[in-house]
Amino acid sequence: MAGETNPPSSLPEPPPGAGLNRRSFLRNSAVLASGLAALAASLAPLRDLKDSTSMEQFLQKYYKELTPAEMEKVLERIAREVEREYGIRPHLRDVKPLDGVQFVYALNLTRCIGCRKCVHACVAENNLSRNPEIQYIRVLRLPHGSLDVEKAEHNYAPDQVPEKGYFYMPVQCQQCENPPCVKVCPVHATWQEADGITVIDYDWCIGCRYCTAACPYWARHFNFTKPSIPKDRLNPEMAYLSNRPRRQGVMEKCHFCLQRTRAGRYPACLEVCPTGARKFGNVLDPDSEVAQILKRKRVFIQLKEDLGTSPRFFYYFDV
Amino acid sequence: MRTAVRNYFFFLWRCARIAFVGDWRYYLWMGALTVLCLLGLNAYAKQFVHGLMVTGMSDEVSWGVYIANFTFLVGVAAAAVMLVIPVYIYGIKELHDLVIFGELLAVAAILMCLGFVTVDLGRPDRFWHLIPGVGQFNFPASMLSWDVIVLNGYLLLNVHICGYLLYCRYQNKKPAKWFYIPFVFIAIVWAVSIHTVTAFLYVGLGGRPFWNSSIVGPRFLASAFTAGPAIIILALQVIRHVTDYRIPDRALLLLRNIVQVSMLINVFLLVNEVFKEFYSGNLHVASSKYLFVGLHGYHALVPWIWTAIGFNLVAMVLLVLPLSRSLGYLNLACVLSIVGIWIEKGMGLVIPGFIPTPLGEIIEYAPSLNETLISFGIWAFGLLCYTIFLRMSVPILQGTLSKANEGQPMPPAGGAAGARVPSG
């Protein structure tokens, strides 16, 4: 019986202080373990990360630094991603600006009836997120006689348009000659192309939204979360700098439908317009409709001309 | 050379060790801050997964409390020079060590600034696009690229100055003047530049009349030199209270003079701005109307801005009166100035710039719970850093943590539970 209570004699007495060390070691380990557990718990939401960035995406180079061969690989990768997500193999290209072309838009305020067909044609053509809703064109309803946007109604919803006493002004990216958004971007993720279209490299934008703050036309729209487009509504005709599906956390905006216009077609908003209020073309071609309008119309305006942004988007009247 | 490196790393190791040693109040304080940090981290993990959707921001109001806090904290960081100038330019030597506390505050404030801009990014994974030489750095066109340079530069300058002076003190060596004095003077100019550049971030936007005003820069500096030294006044008293490090009242009263003058200038500039906006009454007054009196029935910021103005005016009166030579009133004035300027330079500056939108729409903004938790998390992180910096530097300045006592156990925290050591 005595053998049970006595400690085995082979074990020496612990030196004074060793117990303390062991105790403090245990305490420190316990603190460390609970700290790590708390850290892991606080990071738990990361498990829901579905759209995580692959190494290829993470290391992708800047648009202007991609060689043609690298661009091919990038397009292939994006096409694969789109196919995986939407079940459709897209026709994805990198469409370059045409030589000797400067695109200009002219919009006839006398004719616009505010039907918003352009808004929805744009959404469909450019694969804009349906939820949350992103739209590149905002149609303002203004009372007769005023161009003060603070008098504008954005959410007008009458049974029939046009309404008496109002006129309508659709606003989208004005493709400024001096774009403030390009100037402020800290990483050159947005720039002006040779044909005057300001584009965004969605794979380079860091999402700081400084361009939104800089834009006087409220033209830039941000993907506050992952955009969603119904699979059967995806437009498979897409270009790298325009209507390919965007990812969460990047900026986007109107690009004059460059996937169409650089291939000799009209922008979607123009094609759908029932009143012919929208005119688009190459201002360097003296015979083009837009060149003629700018030459012959007595009054045309650039929105917020006083800011010196010099829009390539003109509003005119039938006078 | 090798021993020098070894010594330096041993110094860092001892500094790191001491950050984990303290009395129960220290553990309580650090524990509470850690909990807040983790709550913030948790909220950020949610934001990382679901995007900025979880904030109150929108296309209409695309910057919110993150950028508001960032703006305020740049001012706090800049204000460190308000201790440097009296010491290095006017030669008030006895405050020499206090400069280090001011500069450490600047370091903590810049760390918070970097935290706030990082959580504001939609694609934080692409931060490397901002690194000059590696990414595409839009310098000098983008004011944001200037901000990246001046903020990181200021961080390095202050880390160098504090780190060098503290390491010299640790080794009981006299610091080589050429190795820090030039940087001190660069840092003075640099401090002004960080807040000027941050002001220019807003001022440069022609499409936002509320910001596109040349008075924004001067107002930034005036408010920074009010709120920053006010924070230092409070911080020094906390240090004096929880450690036995002696800080003369004279230091606090010197800072009072600075806060006093800056607050007068700040209020004067505010009057200038309000007059220009409202008297001329052109169309661009909409944002100011929204801020001060409300616009078309929207007035979320009105109670805030009048609270801020009330606080600033009471603080100004207190500061001007001899009353505030007593610390109780001085502290009250400091708290009022800090809160007033935090509202005014934060939400009061950022949000009205977006309301109404450039197309005349009015969409209001309020931070979401998730956004608020992240913001508190970053503040807690900053305070945690500042506490650790002080925990390391106070014993070094007192001489209880030095190369001479390398083999000995850690000096206790200077608080009530720790043994009192005469200050060096």
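This report describes a predicted model of a complex and considers chain B, its contact with chain A, and some backbone features of chain A.

## Basis and confidence

Residues are numbered from 1 along each chain as its sequence is written, while chains are lettered from A and ligands numbered from 1 in the order in which they are written. As the model is predicted, local features need pLDDT of at least 70 and side-chain atom pairs count only at pLDDT 80 or more, whereas totals for chains, interfaces and linings use all residues.

The predictor assigns the complex an ipTM of 0.92 and a pTM of 0.93. The average pLDDT (the predictor's confidence in each residue, from 0 to 100) is 92 for chain B, where 96% of the residues score at least 70; chain A averages 92 as well, with 94% of the residues at 70 or above. Each chain has a terminal stretch to be read with care: pLDDT stays under 50 over residues 1-14 of chain A, for which the model has 1 contact beyond four places in sequence, and also over residues 415-424 of chain B, for which there are 24 such contacts. Two residues are in contact if their C-beta atoms, placed from the backbone, lie within 7 Å. Where pLDDT is low, the predicted coordinates should not be read in detail.

## Overall form of chain B

Chain B holds 14 helices and 0 strands, where helices (H or I, at least four residues) and strands (E, at least two) are DSSP runs numbered from the N terminus. Its radius of gyration is 22 Å, close to the 22 Å that the globule rule gives for 424 residues, so chain B is as compact as a globular protein of that length; the radius is taken over C-alpha atoms, and the rule is 2.2 Å times the number of residues to the power 0.38. Along the principal axes, the C-alpha atoms of chain B fill a box of roughly 70 × 55 × 40 Å.

Of the 424 residues of chain B, 49% count as buried, a class that requires 20 or more other C-beta atoms within 10 Å of a residue's own, with 12 or fewer making it exposed and values in between partly exposed, all C-beta atoms being placed from the backbone. Among contacts in chain B between residues at least 6 apart in sequence, 78% join residues at least 24 apart.

## Core and helix 3

The largest nonpolar core (a set of buried Ala, Val, Leu, Ile, Met, Phe, Trp, Tyr and Cys residues joined through C-beta atoms within 7 Å) has 203 residues, and those with the most contacts inside it are L73(B), A77(B), L104(B), L105(B), A109(B) and C113(B). Helix 5 of chain B gives the most to this core, with 16 residues. Beyond four places in sequence, C113(B) touches F70(B), L73(B), V74(B), A77(B) and L151(B).

I67(B) lies in helix 3 (residues 65-78) of chain B and is buried, with 26 other C-beta atoms within 10 Å. Outside its neighbours within four places in sequence, I67(B) is in contact with D120(B) and V350(B).

## Helix 9 of chain B

Helix 9 of chain B covers residues 249-280, and its 32 residues should span 46 Å at 1.5 Å a residue; its end C-alpha atoms are 47 Å apart, which agrees. The expected span is 1.5 Å times one less than the number of residues. Among the buried residues of helix 9 are A251(B), L252(B), R256(B), N266(B) and E277(B), and what covers the buried residues includes helix 4 (81-89), helix 5 (96-120) and helix 8 (216-242) of chain B. Just after helix 9, G281(B) takes a positive phi of about 60 degrees.

## Contact between the chains

The contact takes 49 residues from chain A and 44 residues from chain B. On the side of chain A that touches chain B, the largest share, 4 residues, comes from helix 7 of chain A.

## Backbone features of chain A

The peptide bond from N131(A) to P132(A) is cis, with omega near -5 degrees, and P132(A) sits in the loop between helix 5 (117-125) and strand 3 of chain A. Another cis peptide bond joins V161(A) and P162(A), with omega about -5 degrees.

Q175(A), though not a glycine, has a positive phi of about 45 degrees; Q175(A) is buried, with 28 other C-beta atoms within 10 Å. S310(A) has a positive phi near 50 degrees and is likewise a residue other than glycine, but S310(A) is partly exposed, with 13 other C-beta atoms within 10 Å.
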